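Colleague: Could you take me through one part of this model up close? I'm new to this, so plain words would help.

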Amino acid sequence: MEIIVLPDADAVANAAAGIIQARVERGPAVLGLATGSTPLGTYRELIRRHREEGLSFADAQAFTLDEYLGLPADHPESYRSVIRREFTDSVDFADGAVRSIDGQAEDPEQEALRYDAEIAAAGGVDVQLLGIGTDGHIGFNEPMSSLASRTRIKTLTEQTRRDNARFFPSIDEVPHHVITQGLGTIREARHLLLLGLGEPKALAIAAAVEGPIAANCPASALQLHPHTTVLVDAAAASRLEHTEYYQYTHAQKPAWQRY
Ligand code: PGA
């Protein structure tokens, strides 16, 4: 794991956008996109680079990470809608290049299998952007998710429903169930990019990065991945024990070493 502690959210967005840009410019890329507040700065920066610097996504494909079960695709809070509104509609992905899970599929279990197969058919994900829940979830893999899990239906914890209630008129409207890429699915992406912003994420980041690999903190599964970059602001890093070492490593990073 490479852990990069940056001063603030803008610096995190800038660094994440740089990593995604580098991959997109290397040739046809499959991006894994996350929703939630955390990646919004990264998306804004990528849109800016598209508009002002000619960064193009014309050869890229994208897969969203998860979806609420039961929300119509055109519901403003479906992750299919959110990712289009916040990012993909503002750049130049080709028609049909942004794929998401159908939260209203007649057979959700079949839909989950179909989605894993669709990712595999695209050649797998090159760079997977991830936020982290206050309970350590990635995607919607809540605590005690199998570290080998595939895309499937999950039940949200009440904490996650409360965390996400700000996007809905009331908590009663936050769905209880979701379809999410599994931890095993996520770990098949070639490069994982985990972002953490703000003090509320500090304990989850510390558990994910420095705690034991345990289903109790699903993000700790990333420790098993050979290429994970963790980008955190100072507040989200505030419970880490080895911040000085991470900063030293980053300051000494040779120019030839990739992200
Ligand atoms: P947030 O959510 O980015 O809105 O904090 C992250 C998550 O729940 O994965």
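**Aromatic pairs and a nearby strand**Modeller: Tyrosine 68 is buried, and phenylalanine 168 is buried too. Keep in mind that this is a predicted model. Their ring centres are 5.5 Å apart and the planes sit at 85 degrees; planes over 60 degrees apart count as edge-to-face, so that is what we call this pair. Tyrosine 68 belongs to strand E4 (residues 66–68), while phenylalanine 168 is in the loop between helix H5 (158–164) and strand E8 (177–180), so the pair ties together parts that are 100 residues apart in sequence.

Searching the whole structure turns up ten aromatic pairs. Another one of them joins phenylalanine 63 and tyrosine 115: with centres 5.7 Å apart and planes at 70 degrees, the pair is edge-to-face. Phenylalanine 63 is in strand E3 and tyrosine 115 is in helix H4 (residues 108–121), so this pair links parts that are 52 residues apart in sequence. Phenylalanine 63 has a relative accessible area of 0%, so it counts as buried. Tyrosine 115 also comes out at 0%, so it is buried as well.

Now follow E3 (residues 61–64) to its partner: it pairs with E2 in the parallel sense over four bridges. In that pairing, threonine 64 of E3 is the bridge partner of leucine 33. Add helix H2 (residues 40–53), and E2, H2 and E3 make a right-handed β-α-β unit.

E2 also runs parallel to strand E6 (residues 127–130), joined by two bridges, with leucine 31 opposite valine 127. Along E2 (residues 30–33), Val30 and Gly32 point one way, Leu31 and Leu33 point the other way, and all are buried. That fits a general rule: side chains in a regular strand alternate between the two faces of the sheet.

Note on methods:
Residues numbered from 1 in each chain as written. Predicted model: local features only at pLDDT ≥ 70, side-chain atom pairs only at ≥ 80, totals over all residues. Heavy atoms only, no water. Buried < 20%, exposed > 50% of the residue type's maximum accessible area, 1.4 Å probe, protein only. Pairing = 2+ DSSP bridges. Right-handed = clockwise from strand over helix to strand, strands pointing away. Phe/Tyr/Trp six-rings, centres within 6.5 Å; stacked < 30°, edge-to-face > 60°.
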